[in-house]
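The following exercises concern a helix, a chain interface and a buried residue. Each task is followed by a worked solution.

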Amino acid sequence: MSFYPPQKVRLKKDIGELEIIWQNGDIAKISCDELRRYCACSSCRSRKLIGVRLVTESAEIATVNLIGSTALQVVFADGHDRGIFPWPYVNAIATGRVQEFLNA
Amino acid sequence: MLNEARQSTTEAHVLSALRDFIFPVFGESLIDLDAVRRIHIENGRVTIHLYLAAKVASLHGRLVLMIQNHLEGAGIHGVQVVIDSDASDEDFDFSVADARVRNILIVASGKGGVGKSSTAMNLALALRAEGASVGVLDADIYGPSMRTMLGVPESVKPVLVNEKYVEPIRKYGLATMSVGYLSPDKTPMIWRGPMAVKALQQLLEQTLWGDLDYLIVDMPPGTGDIHISLAQKLQRATALVVTTPQEVALIDARKGLEMFNKVGIPVLGIVENMATHVCSRCGFEEDIFGAHGAAKMAEDYGVAMLGSLPLDKKIREHLDSGIPSVARDPMSDISQCYAILAQRVAVAAWRAKITGMQMPHIEIA
Ligand SMILES: Nc1ncnc2c1ncn2[C@@H]1O[C@H](COP(=O)(O)OP(=O)(O)O)[C@@H](O)[C@H]1O
Ligand SMILES: [Mg+2]
Ligand SMILES: [Zn+2]
């Protein structure tokens with residue numbers, strides 16, 4: 001049985017957290033701040049590369065959508081919706097392996 | 001005594017014994033795969049009717065043997081197993097005109113020359129050898145190679161039907177269509193952007209494919225806009241990414257994986273081509289590009305490593321002569337590698353249909 005996609009994705013707006021229940025039952029919790037910080041869309045990545053701060057400090061998430069069964073689209077409350085998070089990337093964020101993942 | 005034991009066998013008994021039986025190639029129990037369609041018990045004789053949504057005929061004998069052994073271990077003797085894999089009632093990935101295609105498999109690579117077409121063609125033949133009806137669409141507008149690989153002479157052109165449809169060219173039991181069949185000479189057509197997408201869509205939709213278990217689409221190399229639009233037209237497809245273990249090819253393959261993630265097409269896995277060099281004189285094996293790159297990438301992206309094909313000059317010679325290795329000698333060692341790949345691909349496509357139906361549940365609070 002493959003690890004992806006997860007069984008369940010729960011967006012808890014009140015505490016600003018995304019909870020993922022993986023196929024094997026493991027539960028991962030990721031704060032919305034982290035999702036904003038690690039948004040891997042081209043504009044966020046290039047801003048980080050040249051050292052420009054993100055457009056906004058707000059990490060509030062309006063909603064999340066499935067992109068097929070392979071990824072999650074995160075729509076931030078400020079309208080930024082270009083971040084597509086493939087499940088392995090979500091897992092990398094949850095387990096603190098983002099740099100490893102992006103550099104691999 | 002024996003009679004008594006037989007009488008007491010119930011459907012629940014058989015099902016619970018099957019629950020912890022896993023056929024290695026399937027990787028999951030027959031119950032989880034929804035493969036057990038009926039259990040018939042008459043006078044203590046058990047008959048299990050299986051439905052496999054994958055064409056893997058060469059494995060049927062071993063599957064039956066392993067089920068029988070497993071059930072004997074649970075005290076259930078003399079079991080008959082009937083296998084059906086013709087999914088007349090299943091839904092299709094693609095049905096237009098007379099085409100009814102159960103599985104579309106996109107074969108992609110980040111860059112050219114990694115062996116995408118060679119792999120697509122031998123994989124198609126290996127699936128054919130597993131009892132599947134198979135079509136191949138050569139959609140590589142930059143370098144169509146099907147005519148050469150199949151030895152179809154320039155004089156042979158697809159036949160037009162009702163001025164709108166074309167008959168695929170049939171060779172080695174495959175239904176094939178290529179952008180190269182239509183172009184008047186060897187120079188590749190210069191197609192750009194929307195025109196290329198339109199042309200490829202026509203080729204897909206206006207070919208009289210008929211009933212196919214698998215339609216393999218040999219994509220142009222790369223991950224540009226053409227690929228994304230094309231992938232979006234094939235929403236129900238699944239994809240394979242071919243790569244060589246070289247650093248550059250791996251980076252390109254990674255882009256391929258990301259592209260399919262973006263358009264929501266499940267990637268069944270990665271196929272590593274030209275992996276190991278086996279010296280034809282001494283049989284010495286060495287990994288010419290360094291080991292395990294593709295395996296590592298598969299792990300990072302949570303996709304399977306579906307196979308590793310040897311670098312073997314015979315693969316090239318056979319293709320250049322117009323008779324791919326699997327068609328020339330289905331019993332050779334090389335053909336064995338493709339057979340294993342075909343079985344894994346067929347099973348992965350089957351499993352993707354099942355997990356694809358189990359989309360994650362989203363809760364927003
Ligand atoms: N496993 C292999 N061993 C040896 N030669 C191969 C192998 N796979 C492909 N080739 C050869 O490499 C060349 C490129 O392969 P091809 O399938 O045309 O690549 P692509 O479609 O990715 O551009 C061809 O000449 C082909 O015959
Ligand atoms: Mg090619
Ligand atoms: Zn972003």
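**Exercise 1.** Determine how the span of helix H3 of chain B compares with the expected one, and on which side its buried residues lie.

*Solution.* Step 1: H3(B) comprises 14 residues, 60-73; helices (H or I, at least four residues) and strands (E, at least two) are DSSP runs numbered from the N terminus. In this predicted model, local features need pLDDT of at least 70, side-chain atom pairs count only at pLDDT 80 or more, and totals for chains, interfaces and linings use all residues. Residues are numbered from 1 along each chain as its sequence is written, chains are lettered from A in the order in which they are written, and side-chain values use heavy atoms, without hydrogens and water.

Step 2: From first to last C-alpha, H3(B) reaches 20 Å, close to the 20 Å expected at 1.5 Å a residue; the expected span is 1.5 Å times one less than the number of residues.

Step 3: The buried residues of H3(B) are B:His60, B:Leu63, B:Val64, B:Ile67 and B:Leu71, where buried means under 20% relative accessible area, exposed over 50% and partly exposed in between (1.4 Å probe, protein chains only). They lie on the same side of H3(B) because they cover an arc of only 95° around the axis, taken from the directions from the helix axis to the C-beta atoms. An α-helix has 3.6 residues a turn, so residues three or four places apart point the same way.

Step 4: The buried residues pack against helix H2 (11-19), strand E2 (45-51) and strand E3 (80-84) of chain B, with contact meaning heavy atoms within 4.5 Å. Exposed B:Gly61 and B:Gly73 are on the face turned away from the buried side.

**Exercise 2.** Describe the interface of chain B and chain A.

*Solution.* Step 1: Chain B contributes 23 residues to the contact and chain A 28 residues.

Step 2: About 2200 Å² is buried between the chains, 60% of it on carbon and sulfur atoms; buried area is the accessible area (1.4 Å probe) that two parts lose on being put together, summed over both. B:Pro360, B:Ile362 and B:Glu363 supply 25% of the area that chain B buries against chain A, more than any other three residues.

Step 3: The interface holds 2 salt bridges (a side-chain nitrogen of Lys or Arg within 4 Å of a carboxyl oxygen of Asp or Glu). A:Arg10 and B:Glu363 form a salt bridge at 2.8 Å, N to O.

**Exercise 3.** Establish whether B:Ile315 is buried or exposed, and identify its contacts.

*Solution.* Step 1: B:Ile315 belongs to helix H11 (residues 313-320) of chain B.

Step 2: With a relative accessible area of 9%, B:Ile315 is buried.

Step 3: Leaving aside neighbours within four places in sequence, B:Ile315 contacts B:Pro310, B:Ser325, B:Ile334 and B:Tyr338.
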